[in-house]
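Student: Could you take me closely through the salt bridges of this model, and set them against the chain as a whole? I would like to know how each pair is placed and how far the coordinates can be relied on.

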Amino acid sequence: MNSATTNLVVSLGAMQVARKINFEDPQILLSVRIAYIVVQALVLGAYYFTSVKIKQKNDLTVLKYVEPSSPMTKEPGKLVTTTHREYDLGEVSKLVRGVYIGIAMMAVLHGYLHYTQPLFIQSLMGLKNLYEAKPVAIWVLGKPAEGDLKRPFKGAGGMFGAAAEPQTDKAAIEEAEKRVGKKEE
């Protein structure tokens, strides 16, 4: 199952469980708030630990790939040359940004609009997203960087089809290098 499908399944399951919880009880509401804060702190801590491990290892292996082009343009994808260290740090940065956006949304939904069920659901989703985070799998859980964990990471895709993936084959990289060489001249 891809990430979008598991998100849907976990969300729908959590919504069914959340319907049975009495959020009118102040003790239960306080417990759910504390659980949400603890989960978000745990996730941010795990991402920080992952970034520290990446910096300690300092893997300067060169990584070349061609970014997928936007479906709205006819332009070919551009060549990206980076290191495993910089690539992984960039991926962790995206994950942290996602957590901050989720916290901001919950501040509006719970703090301003007084919705309580999303606190419970996002507590579970935070743990699920942490488990599925590819840099965490490589650097904290010690899984080898092969298959789905091979850099550059493949996009999550969507519910109804795969997203454009970075091209890592030699022919695509050479073609992109030729385009870059022509633009510089």
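Tutor: Helices and strands are here taken as DSSP runs, a helix having at least four residues and a strand at least two, and they are numbered from the N terminus. On that basis the chain of this predicted model contains six helices and two strands, which follow one another along the sequence as α-α-β-β-α-α-α-α.

Confidence comes before detail. The mean pLDDT of the chain is 87, and 92% of the residues score at least 70; helix H2 has the highest confidence, with a mean of 96, whereas helix H6 (residues 170-184) has the lowest, at 72. Where pLDDT is low, the predicted coordinates should not be read in detail.

The structure has four salt bridges, and I will look at three pairs, including one between Arg-151 and Asp-88, whose side chains come to 2.8 Å, N to O. This pair ties together distant parts of the chain, since Asp-88 lies in helix H3 (residues 84-112) and Arg-151 in the loop between helix H5 (134-139) and H6, 63 residues apart. Both Arg-151 and Asp-88 are buried.

Another pair is Glu-91 with Lys-94, where the closest N and O atoms are 3.1 Å apart. These two residues stand three residues apart in helix H3, so about one helical turn separates them. Their surroundings can be told apart by relative accessible area: Glu-91, at 16%, falls under the 20% limit and is therefore buried, while Lys-94, at 48%, is partly exposed.

The remaining pair that I can describe is Arg-85 with Glu-86, with 2.9 Å between the closest N and O atoms. Glu-86 has a relative accessible area of 42% and thus counts as partly exposed.

As for the chain around these pairs, 31% of its 185 residues count as buried. Its radius of gyration is 20 Å, whereas a compact globule of 185 residues would have one near 16 Å, and its C-alpha atoms fill a box of roughly 70 × 40 × 30 Å along the principal axes. Among contacts between residues at least 6 apart in sequence, 67% join residues at least 24 apart. The accessible surface comes to about 12100 Å², with 60% of it belonging to carbon and sulfur atoms.

Technical notes:
Residues are numbered from 1 along each chain as its sequence is written. This is a predicted model: local features need pLDDT of at least 70, side-chain atom pairs count only at pLDDT 80 or more; totals for chains, interfaces and linings use all residues. Side-chain values use heavy atoms; hydrogens and water are left out. The radius of gyration is taken over C-alpha atoms; the globule rule is 2.2 Å times the number of residues to the power 0.38. Buried means under 20% relative accessible area, exposed over 50%, partly exposed in between (1.4 Å probe, protein chains only). Contact means heavy atoms within 4.5 Å. Accessible areas come from the Shrake-Rupley method with a 1.4 Å probe; for residues, only the protein chains shown count as cover. pLDDT is the predictor's confidence in each residue, from 0 to 100.
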